[in-house]
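Subject: Structure handover, salt bridges

Hello,

Please find the structure below. My notes on its salt bridges come after it.

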Amino acid sequence: MDWQLVADSFWPLLRGGLVGTIPLALASFAIGLVLALVVALLRLSPNRMLSWIGRAYVSLIRGTPLLVQLFIIFYGLPQLGVRFDPWPAAIIAFSMNVGGYAAEVIRAAILSVPKGQWEAGWTVGMSPVRTLRRIVLPQAARVSVPPLSNTFISLVKDTSLATVILVTEMFRKAQEIAAFSNEFMVVYTEAALIYWMFCTVLATGQNAIEKRLDRYVAH
């Protein structure tokens, strides 16, 4: 084990995670949640065409590999005259992927809210949109926190795929260091441990949020 290499590469790898991996995951997750809410509402729409569009989107995203989605956006779209730099391409691909998976989480969370909550909103004169925004979504949000947190943790790991479209994040930095030092096992293991550290911190935060929400619901 080349401990000097481990020490020298730790900060570059950690920095790659802090300025590349985490911001990429946060931006993609935020945009993906907005998309997921839209798709979930389409799925719940009484309009058959809108509901079909939502189902088709979820099926397409879930039925195709994320790596293929990245390649289509970064390498495929330029043949149609649409070009994106690596970072925007990665954010678009990850956001669309999150939207497809999180949409079902949000849809299920909305359906878990008792019908009586909708009726209560209508009774006091709220419109369906206001009832959704003021009564239903806050309750659905509490239900969806655990699965959405797991989605975000998975996304942090999935960002390593962005290296194939030239995005400089932690795994890309690991590849550069490994190629220069020819110590692939050492560098990639160190990168894996840093990913594990990030995910452990996020999982701890997830548990704290869930306990807080449990106390809120209990009271």
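The notes below cover the salt bridges and where their residues sit.

This is a predicted model, in which local features need pLDDT of at least 70, side-chain atom pairs count only at pLDDT 80 or more, and totals for chains, interfaces and linings use all residues. Residues are numbered from 1 along each chain as its sequence is written, and side-chain values use heavy atoms, with hydrogens and water left out.

The structure holds three salt bridges (a side-chain nitrogen of Lys or Arg within 4 Å of a carboxyl oxygen of Asp or Glu).

Arg43 pairs with Glu104, with 3.2 Å between the closest N and O atoms. Arg43 belongs to helix α1 (residues 3-44) and Glu104 to helix α4 (residues 86-112), so this bridge ties together parts that are 61 residues apart in sequence. Helices here are DSSP runs of H or I with at least four residues, numbered from the N terminus.

Glu104 also forms a salt bridge with Arg107, at 3.2 Å from N to O. Arg107 and Glu104 are three residues apart in helix α4, about one helical turn. Arg43, Glu104 and Arg107 are thus linked in a network of salt bridges. Both Arg43 and Glu104 are buried, Glu104 having 17% relative accessibility (buried is under 20% relative accessible area, exposed over 50%, partly exposed in between, with a 1.4 Å probe and protein chains only).

Glu176 and Lys173 form a salt bridge with the closest N and O atoms 3.4 Å apart. Both lie in helix α7 (residues 170-181), three residues apart. Glu176 is partly exposed at 38% relative accessibility, and Lys173 is partly exposed at 25%.

Regards

Methods: Helix = DSSP H or I, 4+ residues; strand = E, 2+ residues; numbered from the N terminus.
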